[in-house]
Amino acid sequence: MMACMDDKALAAIAFELYALPFEEFVAARTAAAKATTGSGKELPAAVKALPKPSAAAWAVNMLAIHEPGMLAQLAELGQRMRGPRHPSTPPPCGNWHGSAAPCWGPPSAPPAPWPNARGAASAQRSRPTSSGPCKR
């Protein structure tokens with residue numbers, strides 16, 4: 001098991017690596033692992049084992065480092081988007097009947113028609129399809 005000092009060293013190296021431009025990560029990780037060879041076998045192996053971030057994870061890292069206020073705003077937006085929705089907006093599973101029933105069952109009543117461009121209700125309305133766990 002790594003000593004506490006090695007844990008702190010690994011954390012510091014990881015912070016530096018994950019703050020780099022995306023395309024520089026692998027070369028910098030290799031260089032950091034080589035630079036730590038004098039401190040035993042565990043730290044260089046731990047540095048080599050640090051995974052390259054996905055593009056999405058890298059983008060979030062950049063926001064956290066360079067624009068922490070923006071990251072906080074995005075987190076707040078995510079919370080608001082999980083809140084109540086406009087009645088005409090389906091939940092993520094496409095359950096249009098508005099009940100708390102599981103979204104994988106059939107709707108209890110047909111949905112109201114969408115108004116067309118002139119304001120009159122159209123007879124047909126297409127439902128969103130779901131590629132997730134919600135089945136119809």
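**A walk around a five-helix chain**

Okay, let's start with a pair: the side chains of E76 and R80 meet in a salt bridge, 3.3 Å from N to O. By salt bridge I mean a side-chain nitrogen of Lys or Arg within 4 Å of a carboxyl oxygen of Asp or Glu. And that's it for this kind of pairing, since the structure holds one salt bridge.

Before going on, some ground rules. This is a predicted model, where local features need pLDDT of at least 70 and side-chain atom pairs count only at pLDDT 80 or more, while totals for chains, interfaces and linings use all residues. Residues are numbered from 1 along each chain as its sequence is written, and side-chain values use heavy atoms, with hydrogens and water left out.

So why are E76 and R80 separated by about one helical turn? Because they sit four residues apart in helix α5. When I say helix, I mean a DSSP run of H or I with at least four residues; strands are E runs of at least two, and the numbering goes from the N terminus. How covered are the two partners? E76 is partly exposed, at 45% relative accessibility, and R80 is exposed, at 54%. For those words, buried is under 20% relative accessible area, exposed is over 50%, and partly exposed is in between, using a 1.4 Å probe and protein chains only. As a general point, side chains of opposite charge can pair when their charged atoms come close.

Let's stay on α5, which covers residues 68-81. There's a nonpolar surface patch formed by M70, L74, L77 and M81, and together they have about 360 Å² of accessible area. A patch here takes residues with over 30% relative accessible area and no salt bridge; like charges are joined within 9 Å, and nonpolar side chains (Val, Leu, Ile, Met, Phe, Trp, Tyr) within 5 Å. Areas come from the Shrake-Rupley method with a 1.4 Å probe, and for residues only the protein chains shown count as cover. One member, L77, belongs to α5 and is partly exposed, at 34% relative accessible area.

Now let's zoom out. How many helices and strands does the protein chain have? Five helices and zero strands, so reading along the sequence you get α-α-α-α-α. The chain has 136 residues, and 21% of them are buried. It exposes about 9,800 Å², with carbon and sulfur atoms supplying 65% of that. As for contacts, meaning heavy atoms within 4.5 Å, take those with a separation of 6 or more: 47% of them are between residues 24 or more positions apart.

Next stop, helix α2, residues 25-35. Its buried residues are F25, R29, A32 and A33. They cover an arc of only 100° around the axis, which puts them on the same side of α2. The arc is that of the directions from the helix axis to the C-beta atoms. Over on the other side of α2, you find A27, K34 and A35 exposed.

R29 deserves a pause. R29 is buried, yet has no salt bridge, and the nearest side chain of opposite charge, E24, is 13 Å away. For charges, Lys and Arg count as positive and Asp and Glu as negative; His and the chain ends are not counted. What does R29 touch, not counting residues up to four places away in sequence? The list is L17, V47, K48, L50, P51 and K52.

L50 comes up again with another α2 residue, V26. V26 and L50 are 24 residues apart in sequence, and their C-alpha atoms are 9.6 Å apart. V26 is partly exposed, with a relative accessible area of 37%.

Over in helix α1 we have D6. D6 is also buried without a salt bridge, and the nearest side chain of opposite charge, K8, is 11 Å away. Leaving aside neighbours within four places in sequence, D6 is in contact with S39 and L43. The C-alpha atoms of D6 and E42 are separated by 8.3 Å, with their positions 36 residues apart along the chain. E42 lies in helix α3, residues 42-48, and is partly exposed, at 40% relative accessible area.

Last one: where is A19? A19 is in the loop between α1 (4-18) and α2, and counts as partly exposed, at 26%. Beyond neighbours within four places in sequence, A19 is in contact with M62 and I65. The C-alpha atoms of A19 and H66, 47 residues apart along the chain, are separated by 9.3 Å.
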